[in-house]
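Q: I am new to reading interfaces. Could you walk me through this one step by step?

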There are 2 protein chains.
Amino acid sequence: MTPDETGGRRLRVAVDVAGADLGPEPVVAGALAAAATVDVVLVGPQALIRPLLPGGVPPPGVRLVHAPDVVTMAEDPVAATYAKRRSSLLVAAGQVATGRADAMVTPGNTGAAVLAAAVRLGRVPGVSNPALATVLPVPGAGPTVLLDIGATAAAVPEWLVEFAVLGTEYARVRLGLDRPRVGLLSNGHESVKGGPVRRDAHLLLATMPGYVGQIEAYDVLGGRVDVAVTDGFTGDVALKMHERTLDATVGLALDAVRAFSPIGALARDRERRVTQAVRNGLEAEPGGALLGVRGVCVICHGTAGAADIEASVGIAGECLRSGVVRRIGAAFAASSEQRRRGRRSPVDG
Amino acid sequence: MTPDETGGRRLRVAVDVAGADLGPEPVVAGALAAAATVDVVLVGPQALIRPLLPGGVPPPGVRLVHAPDVVTMAEDPVAATYAKRRSSLLVAAGQVATGRADAMVTPGNTGAAVLAAAVRLGRVPGVSNPALATVLPVPGAGPTVLLDIGATAAAVPEWLVEFAVLGTEYARVRLGLDRPRVGLLSNGHESVKGGPVRRDAHLLLATMPGYVGQIEAYDVLGGRVDVAVTDGFTGDVALKMHERTLDATVGLALDAVRAFSPIGALARDRERRVTQAVRNGLEAEPGGALLGVRGVCVICHGTAGAADIEASVGIAGECLRSGVVRRIGAAFAASSEQRRRGRRSPVDG
């Protein structure tokens, strides 16, 4: 959907209210806050949602769609998706598939969310597996798109090449770059590193415009690339390591400042501002965009707070306005056309 | 080697002077500093080392062993090891294998260092692949042993089980724990996570005393486990992400403190103390111990400074005094004995 396609009307975002780690309260609170700028569809068990609405009634700009089943975090995504056909995830994706909503946002079981979106929205032709992409700010440089952070745990070389194309399009619309620099996350810069999967992906990517080579984890926050490509297992580990180290470091830094500062403790209010400044400078966006499906789906942390949900609705809006799904479709169609004509392309595999 | 076996004599540590990213200067400087407490054998091209010695002569407690070949960081470990039989890595490992040194320390090409140690020292019977282990401090809790951080990039379930045994013995001697808690690094706590390799390893580890289950990257610095087990590719990414985020966060925190502090800038000397306090509280040890080979080998960063080299010699000394190689041998011998008697054991595979 392009800006023209939305015709200036308010966007409609389906928010999955069930299955988050912290229960439905922060999700509904964030969705109601987002309703100031977009129409919101709250999807989940009615009995769970109604008590959280003012007077038990959806306010203007908010619609309620009942979905009786909930997929929990511990459930196997495939088994749960087959067993729970009326889960909030499948119903929310169905809202997008049938045109009753423009995008979906969920803090639920990532694997089940990916499956619901893939099943109901379908994949972009040419995409084997969707990838989840986040944006990481980098101190002193432009932000980095990191993908996959958990949609597709395993990886074969061809999928990593597809992720590179998905990440490139996402960086174009989210970071405003014409030709993003793409790196393949590995355990060294040397082409002998990375094991057979990365080495093969490295060779396949050699013809891709913007590809700079294998990178190390240092480079994800190093200003050396705009897009860091990896499989969903490694991306999950890298992102969670980043988050935990960030938290722990801020905590220790503030302890140390308190201990060594000539005036003793920083005022509590200033500590909050220091922490916020660090978070603004380094913390990943709260929602990842699921790329490679034929619709906009933003998946956030199971522990997302109200502000994270509101921000994730904002990311969904940016994806819609920039037409990233259409651009991804065009990129894969172009490479399939190249293939038909017998030329090599970055998604050839 | 046990404290009794050393008989109170000074330990002899072979230090590979060639192949580091920063050249031989910091390596020689760190080795000379370490020579205050251990005997040091400097291994590398004579012409490279002599100019860095006071008066061109090894001081007391320092011996020089010529090795003409240097393996660079960009070289393929296997090809370089076959082509350069007189590399500083193979010569240093040979010093240990022939009893002329008790341990080796190298800041060189990790893959080639692992190969040199495995070829010259041999593997502990029952160990398929060696693993490189580091110790990470955890704020508010005991430190965590993280392995493998780069010796064996690929992993099959049985190797991860072996790493769990190696990490347990290392945690016993380095952290002084009787029964360390062991976690398998994955992309979630649920047993459905992790893909086939982790799921199988999780099942094999179920019988291991101390095994707590699959963990997320958050838990590596979370006080939930004493040993975090993963393959060398993932361990490399996790550790480098940790290091980079730590550096970036300290930088931003100090910037923010400066900006928001009522008295403006912290004095530069206090900033250094804050940075040092954070590093002490979160930074991994500069040297990883290569576990599973029949000797002590500590591999450090290619960018190791003099203090890192000196600290790595200290880690080698701790490994020698605690007899970790003998303990690992005993652990694998015991599980092989259990297997012979038809009982399942954690290294059964």
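The dialogue below takes the contact between chains, then the contact between domains.

A: Keep in mind that this is a predicted model.

Q: How is the size of an interface given?
A: The size is often stated as the accessible area lost when the parts come together. Here, chain B and chain A bury about 4,800 Å² between them. Carbon and sulfur atoms account for 76% of that area.

Q: Which three residues supply more of the area that chain B buries against chain A than any other three?
A: They are B:Tyr218, B:Phe233 and B:Met241. Together they supply 15% of the area on the chain B side.

Q: How many residues of each chain are in contact?
A: 51 residues of chain B touch 51 residues of chain A.

Q: How many salt bridges does the rule find across the interface of chain B and chain A?
A: There are 2. B:Lys240 and A:Glu216 meet in a salt bridge through their side chains, at 2.4 Å from N to O. Polar contacts are counted as residue pairs, and 11 pairs cross this interface.

Q: Which helices of chain B each supply at least two residues of the side that touches chain A?
A: Look at α9 (217-220), α10 (232-260) and α11 (268-282) of chain B. The most comes from α10(B), with 20 residues. By class, this side of chain B has 29 nonpolar, 11 polar and 11 charged residues.

Q: How are two copies of a chain related?
A: By a rotation about an axis and a shift along it. In this model, a turn of 180° and a shift of 0.0 Å along the axis lay chain B on chain A, with an RMSD of 0.0 Å. The two copies are therefore related as by a two-fold rotation axis.

Q: Why do the copies meet through the same surface?
A: Because 100% of the interface residues of chain B are also interface residues in chain A.

Q: Now inside one chain. Which domains does the assignment give for chain A?
A: Domain 1 covers 1-127 + 292-349, and domain 2 covers 130-285. Their centres, taken over C-alpha atoms, are 23 Å apart. Domain 1 of chain A gives 23 residues to the contact, and domain 2 gives 20.

Q: How much area do domain 1 and domain 2 of chain A bury between them?
A: About 1,900 Å², with 72% of it on carbon and sulfur atoms. The rule finds 1 salt bridge across this domain interface. A:Glu318 and A:Arg174 meet in a salt bridge, at 3.2 Å from N to O. On the domain 1 side, α6 (110-121), α11 (306-322) and α12 (324-340) of chain A each supply at least two residues. The most comes from α12(A), with 5 residues.

Key:
Residues are numbered from 1 along each chain as its sequence is written. Chains are lettered from A and ligands numbered from 1 in the order in which they are written. This is a predicted model: local features need pLDDT of at least 70, side-chain atom pairs count only at pLDDT 80 or more; totals for chains, interfaces and linings use all residues. Side-chain values use heavy atoms; hydrogens and water are left out. Contact means heavy atoms within 4.5 Å. Buried area is the accessible area (1.4 Å probe) that two parts lose on being put together, summed over both. A salt bridge is a side-chain nitrogen of Lys or Arg within 4 Å of a carboxyl oxygen of Asp or Glu. A polar contact is a pair of N or O atoms within 3.5 Å; within protein, one must be able to donate a hydrogen and the other to accept it, and residues adjacent in sequence count only if both atoms are side-chain atoms. Helices (H or I, at least four residues) and strands (E, at least two) are DSSP runs, numbered from the N terminus. Ala, Val, Leu, Ile, Met, Phe, Trp, Tyr, Cys and Pro count as nonpolar, Asp, Glu, Lys and Arg as charged, and the others, Gly among them, as polar. Copies are superposed by least squares on the C-alpha atoms of residues with pLDDT of at least 70 in both. Domain bounds come from an automatic or database domain assignment.
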